[in-house]
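Here is a short report on selected helices and buried residues. Keep the sequence and the 3D view open while you read.

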Amino acid sequence: MNRITQLLGIKYPIIQGGMIWNSGYKLASAVSNNGGLGLIGAGSMYPDVFREHVQKCKKATDKPFGVNVPMLYPNIEEIMDIIVEEGVKIVFTSAGNPKTWTPFLKEHGITVVHVVSSSKFALKAQEAGVDAVVAEGFEAGGHNGREETTTFTLIPMVKSRIDIPLIAAGGIATGKGMLAAMILGADGVQMGTRFAMTEESSSHENFKQLLTQVGEGDTIVTLKELAPVRLIKNEFYQQVQQAYQNCASAEELKEVLGRARAKRGMFEGDLKEGELEIGQISGLIHEIKPVAEVMEEIVKEFNESVNQRIEL
């Protein structure tokens, strides 16, 4: 047992990222049932849909699970009320100031973990009273840090600054990657892309199949003027690039982005005009598998790697 398994009440220090349009109750409960911590991604759910997913998750697993709440969410007060009313025990917050909601959540006996992209923000999260932080490197999919610090640079830097448990994220999808992150100082890992590429992920089948063909260099971080996001280079991405070449302002970039672009891509399966968010590590994964198989493979590879002796 380590600090993360103890804090979260789980068997393995493996957390599934609460990704928008991928992380419904089926994925969260499957990860929790197989010894990790599943997270429901509140960022792409209306409050009533979110409540339904929490209730279904409670029926689908008797193990701990949590929710991920981006603090930019427009109906965040409603989401936080539902979290309390439904008795959710673990909340991962992201994209905002942890001081805003941490006291409220802690008052209700909820374990709070905050996602950061730098040592500075990790320290602020610790000062705000969170129980642990996820330090996410630039390799990660979806919304990303502006600093462009890679995971293996970030983890030891954050580790040297904080006392609370540390979870590594960004570019980790295997048992070997997990061991490497833990050697550098992480107490556990969060994997988004690996679990987006499972049968239980709620994203569209078109998106999942495309992910199996993504190779090295096929994703890139863009739209930094709005909020940095790692995307697959599709036709929508080319439109963004064209806008940059035309020296588009932030307002004009917003117009190119439009509304519900990520839903269109990941949930509705429009591979040309949709926003397709995924991490760099997708280039290493070429199959869509059930969560049980993925968890078994990660744990097996981790244990085998620990037992390998390397001598110089």
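Start with a pair of helices: H11 passes H12 in a right-handed crossing. This is a predicted model. H11 and H12 pack with their axes 10 Å apart, at an angle of about 160 degrees. Since angles over 145 degrees count as roughly antiparallel, H11 is therefore roughly antiparallel to H12. On the H11 side, the residues that meet H12 are Phe236, Gln239, Val240, Ala243 and Tyr244. Their partners in H12 are Leu253, Val256 and Leu257.

**Helix H11 itself**

H11 covers residues 235-245. Its buried residues are Phe236, Tyr237, Val240 and Ala243. They lie on the same side of H11, because they cover an arc of only 110 degrees around the axis. An α-helix has 3.6 residues a turn, so residues three or four places apart point the same way.

What do the buried residues of H11 pack against? Two strands and two helices are named: strand S10 (219-222), strand S11 (229-232), helix H12 (250-257) and helix H13 (261-267).

The ends of H11 also have details to look at. At the N-terminal end, asparagine 234 acts as a cap. One of its side-chain oxygens lies 3.3 Å from the backbone nitrogen of phenylalanine 236. Just after H11, cysteine 247 has a positive phi of about 55 degrees.

**A second helix pair**

Now turn to helix H8 (residues 175-183) and helix H14 (residues 291-307). Their axes come within 7 Å and cross at roughly 55 degrees. That angle makes H8 oblique to H14. H8 passes H14 in a right-handed crossing. H8 contributes Gly175, Lys176, Met178, Leu179 and Met182 to the contact. H14 contributes Ile298, Glu301, Phe302, Ser305 and Val306.

**Helix H2**

H14 appears again here, as part of what covers the buried residues of H2. The cover also includes strands S1 (14-16), S2 (38-41) and S3 (65-70), along with helices H3 (47-60) and H9 (193-196). Which residues of H2 are buried? In this helix (residues 25-33), they are Leu27, Ala28, Ser29, Ala30, Val31 and Ser32. Glycine 35 follows H2, and its phi is positive, near 100 degrees.

**Two buried alanines**

Two strand residues come next. Alanine 132 lies in strand S6 (residues 132-136). Alanine 168 lies in strand S8 (residues 166-169). Buried means under 20% relative accessible area. Alanine 132 counts as buried because its relative accessibility is 0%. Alanine 168 counts as buried because its relative accessibility is 0%.

The table pairs each alanine with a residue elsewhere in the chain.

| Pair | Separation in sequence | C-alpha to C-alpha distance |
|---|---|---|
| Alanine 132 and leucine 7 | 125 residues | 8.7 Å |
| Alanine 168 and threonine 151 | 17 residues | 7.2 Å |

What surrounds each alanine, leaving aside neighbours within four places in sequence? Alanine 132 is in contact with Ile4, Leu7, Val112, Val113, His114, Ile164 and Pro165. Leucine 7 is thus listed both in the table and among these contacts. Alanine 168 is in contact with Ala135, Ile155, Ala181, Ala186, Gly188, Val189 and Gln190.

Methods
Residues are numbered from 1 along each chain as its sequence is written. This is a predicted model: local features need pLDDT of at least 70, side-chain atom pairs count only at pLDDT 80 or more; totals for chains, interfaces and linings use all residues. Side-chain values use heavy atoms; hydrogens and water are left out. Buried means under 20% relative accessible area, exposed over 50%, partly exposed in between (1.4 Å probe, protein chains only). Helices (H or I, at least four residues) and strands (E, at least two) are DSSP runs, numbered from the N terminus. The arc is that of the directions from the helix axis to the C-beta atoms. Contact means heavy atoms within 4.5 Å. A polar contact is a pair of N or O atoms within 3.5 Å; within protein, one must be able to donate a hydrogen and the other to accept it, and residues adjacent in sequence count only if both atoms are side-chain atoms. Axes are lines fitted to C-alpha atoms, for helices over the stretch in contact, and angles run from 0 to 180 degrees between N-to-C directions. Angles under 35 degrees count as roughly parallel, over 145 as roughly antiparallel, 65 to 115 as roughly perpendicular and the rest as oblique. A crossing is left-handed if the near helix is turned anticlockwise from the far one by less than a right angle, and right-handed if clockwise.
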